[in-house]
Amino acid sequence: QVQLVESGGGLVQPGGSLRLSCAASGNVFSINAMGWYRQAPGKQRELVASITRIGSTNYVDSVKDRFTISRSNAKDTVYMQMSSLKPEDTAVYYCSAGNFARYNQLGDYWGRGTQVTVSS
């Protein structure tokens, strides 16, 4: 089993920045991809960004050029630097990880989520 613990959410003004972190523990050697989903009130959960163990990344179009995902394999931690934040980025952000059997997909393990609110 793998445990994921997120940190770094909060309240920020439009145009501001936040950095989310997600630390994995347990059977971390089984993990390939790590990343983030988000769910806004009344909306479906959507994939925001993911990164594989070798550094291949994937982003939803709405965050390209504003969010950057990175990873420390030594620390079993994934980060997401969010810049130029917009009110529509407001959501609960969930860390997720996927085993090698899923190739580059997430979804085997989930964190509890961290709230990001973008508001003036």
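**Entry 1: Q115**

Contact here means heavy atoms within 4.5 Å. With that in hand, I started at Q115, and I keep in mind that I'm looking at a predicted model. Leaving out residues up to four places away in sequence, I found that Q115 touches G9, G10, T90, A91 and V92. I placed Q115 in strand β11, which covers residues 114–118. Is Q115 buried, exposed or partly exposed? Its relative accessibility is 39%, so I put Q115 down as partly exposed.

I also looked up its side chain, which makes a polar contact of 3.3 Å with the side chain of T117. Then I checked a residue from another part of the chain: S56 is 59 residues away from Q115 in sequence, and their C-alpha atoms are 26 Å apart.

**Entry 2: the open sheet**

Next I traced a sheet. I found four strands in an open sheet, ordered β1-β3-β8-β7, with antiparallel pairing. Which strands sit at the edges? They are β1 (2–7) and β7 (67–72), and each of these has a partner on one side only. On average, neighbouring strands in this sheet are turned by 15 degrees against each other, ignoring direction. A reminder from class: strands of a sheet pair through backbone hydrogen bonds, either parallel or antiparallel.

I zoomed in on one pair. Strand β3 (residues 18–26) and strand β8 (residues 77–82) run antiparallel and are joined by six bridges. To get my bearings there, I noted that A23 is opposite T77 of β8.

**Entry 3: the disulfide**

How many disulfides does the structure hold? I found one. My textbook note says a disulfide is a covalent bond between the sulfur atoms of two cysteines. In this model the partners are C22 and C95, and their sulfur atoms are 2.0 Å apart. The pair ties together distant parts of the chain, since C22 is in strand β3 and C95 is in strand β9 (residues 91–99), 73 residues apart. I read -85 degrees about the S-S bond, which makes the C22 and C95 link left-handed. Both C22 and C95 are buried.

**Entry 4: strand β9 and its partners**

C95 sent me along the rest of β9. Why did I write "largely enclosed" beside this strand? Because eight of the nine residues of β9 are buried.

I listed the strands that pair with β9:

- β4 pairs with β9 over eight bridges, in the antiparallel sense. Here M34 is opposite A97 of β9.
- β11 is an antiparallel partner too, with three bridges to β9. Here Y93 faces T114 of β11.
- β10 joins β9 over two bridges, again antiparallel. A97 turns up here as well, standing opposite Y109 in β10.

**Entry 5: N99**

N99 is another residue of β9. Its relative accessible area is 18%, and the cut-off for buried is under 20%, so N99 counts as buried. What does its side chain meet? I found a polar contact of 3.1 Å to the side chain of S30. There is another polar contact, of 3.4 Å, to the side chain of Y109. Not counting residues up to four places away in sequence, N99 touches S30, I31, N32, D108 and Y109.

**Entry 6: the nonpolar core**

I then went for the largest nonpolar core, which has 30 residues. Which residues have the most contacts inside it? They are L4, M34, W36, M80, M82 and Y93. The strands that each supply at least two residues of this core are β1, β3, β4 (31–39), β5 (46–51), β7, β8, β9 and β11.

I picked Y93 for a closer look. Apart from neighbours within four places in sequence, its contacts include L20, W36, V48, F67, M80, M82 and V116. E6, R38 and T114 are also among them.

**Entry 7: two positive phi angles**

Last, I looked at some backbone angles. S84 isn't a glycine, yet its phi is positive, about 50 degrees. I located S84 in the loop between β8 and β9. At 41% relative accessibility, S84 is partly exposed.

Y103 isn't a glycine either, and its phi is positive at about 60 degrees. This residue is in the loop between β9 and β10 (109–110). Is Y103 buried or exposed? It is exposed, because its relative accessible area is 62%.

Notes. Residues numbered from 1 in each chain as written. Predicted model: local features only at pLDDT ≥ 70, side-chain atom pairs only at ≥ 80, totals over all residues. Heavy atoms only, no water. Pairing = 2+ DSSP bridges. Axes fitted to C-alpha atoms, helices over the stretch in contact; angles between N-to-C directions. Disulfide = S-S within 2.5 Å. Buried < 20%, exposed > 50% of the residue type's maximum accessible area, 1.4 Å probe, protein only. Polar contact = N/O pair within 3.5 Å; in protein donor to acceptor, adjacent residues only side chain to side chain. Core = buried A, V, L, I, M, F, W, Y, C linked by side-chain atoms within 4.5 Å.
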